[in-house]
Amino acid sequence: MKDDQPNCLVEIKKLHKSYGQVEVLKGIDLCIKRKEVVCIIGKSGSGKSTLLRCVNGLEVFQEGELLVGGQPVKSHDAQAMRTLRQKVGMVFQSFNLFPAMSAGSNVMLAPKLVKRLPHAETRTLAKKLLKRVGLEDKFDSYPNELSGGQQQRVAIARALAMNPEVILCDEITSALDPELVGEVLQVIEGLAKEGVTLMIVTHEMNFARKVCDRIIFMHQGLVHEMGTPESIFTNPQTPELRSFLSMNHG
Ligand SMILES: Nc1ncnc2c1ncn2[C@@H]1O[C@H](COP(=O)(O)OP(=O)(O)OP(=O)(O)O)[C@@H](O)[C@H]1O
């Protein structure tokens, strides 16, 4: 076994991304290992969401390379994108549940449509996943009958339904009332303990410190500093990170 070789599940090489004339990602190099929990922090506009959206093919990039499980992300290749969607789950700030479908049906949808699993099997799977996020009694509830925290937990169950290799979380508690943040972060912490690979964009510094294996501080479209929570929070090396932490570390 060559343990010293980096074994990247997500490999990002010299990634550049522009919107029109504005370059938002200016050459990102990253290697996310299997079972690693990485938190991405940084000021608004530093490119955190754009980076996540490139990883799951929601955004095209102009230069560089991005591989998930060794396969290149090619936004123009429909077949490659279908395969990618099975490997990468995503949870958004705004839940994005289908309002006319019950919690159970939201979770069942992708395995049914994409994997073409039989109805009974998807139902059993959805029940199991809703139980995993603490919502076993909400299978038949519709999104408008659930709190924001419960809706977000359904969205997490939905992301898990395809058994992805990595889950991307983009500020998943930002739209929640403060009292509902904890229940969602607790579910994510549980997934981290189970060994789910996670890339998490967050403004929750205490959560990042407690749960993540590695913190990536982005600044102006680049990885500015990166390290263990201990090193990032107690020994920041650059004025930009020190200034960010002084304004955000609650
Ligand atoms: N669809 C778009 N079209 C044009 N510019 C965009 C688009 N999406 C993002 N941007 C710009 O790209 C930059 C990076 O945005 P991004 O959302 O990745 O930052 P962020 O670090 O996630 O910020 P926040 O913490 O506020 O979500 C910003 O300047 C933003 O205005």
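Colleague: Why are α5 and α6 called roughly parallel to each other?

Modeller: In this predicted model, the axes of helix α5 (residues 148-160) and helix α6 (residues 178-194) cross at roughly 15°. Angles under 35 degrees count as roughly parallel, and α5 and α6 are therefore roughly parallel to each other. Their axes come within 8 Å, and α5 passes α6 in a right-handed crossing.

Colleague: What makes the contact of α5 with α6?

Modeller: From α5 come G148, G149, Q152, R153 and I156, and from α6 come L180, E183, V184 and V187. By class, the residues of this contact comprise four nonpolar, three polar and two charged. Gly counts as polar, so G148 and G149 belong to the polar class.

Colleague: Which residues are around the ligand?

Modeller: The ligand is surrounded by Y19, V24, G42, S44, G45, S46, G47, K48, S49 and T50. Helix α1 (residues 48-55) gives the most to this shell, with three residues.

Colleague: How do the residues of the shell divide into nonpolar, polar and charged?

Modeller: Two are nonpolar, seven are polar and one is charged. Tyr and Val count as nonpolar and Lys as charged, so Y19 and V24 fall in the nonpolar class and K48 in the charged class.

Colleague: What pLDDT does the protein chain average, and what does the model score?

Modeller: The protein chain averages a pLDDT of 93, and 97% of the residues score at least 70. The model scores ipTM 0.95 and pTM 0.93. Where pLDDT is low, the predicted coordinates should not be read in detail.

Notes
Residues are numbered from 1 along each chain as its sequence is written. This is a predicted model: local features need pLDDT of at least 70, side-chain atom pairs count only at pLDDT 80 or more; totals for chains, interfaces and linings use all residues. pLDDT is the predictor's confidence in each residue, from 0 to 100. A residue is near a molecule or strand if its C-beta atom, placed from the backbone, lies within 6 Å of it. Helices (H or I, at least four residues) and strands (E, at least two) are DSSP runs, numbered from the N terminus. Axes are lines fitted to C-alpha atoms, for helices over the stretch in contact, and angles run from 0 to 180 degrees between N-to-C directions. Angles under 35 degrees count as roughly parallel, over 145 as roughly antiparallel, 65 to 115 as roughly perpendicular and the rest as oblique. A crossing is left-handed if the near helix is turned anticlockwise from the far one by less than a right angle, and right-handed if clockwise. Two residues are in contact if their C-beta atoms, placed from the backbone, lie within 7 Å.
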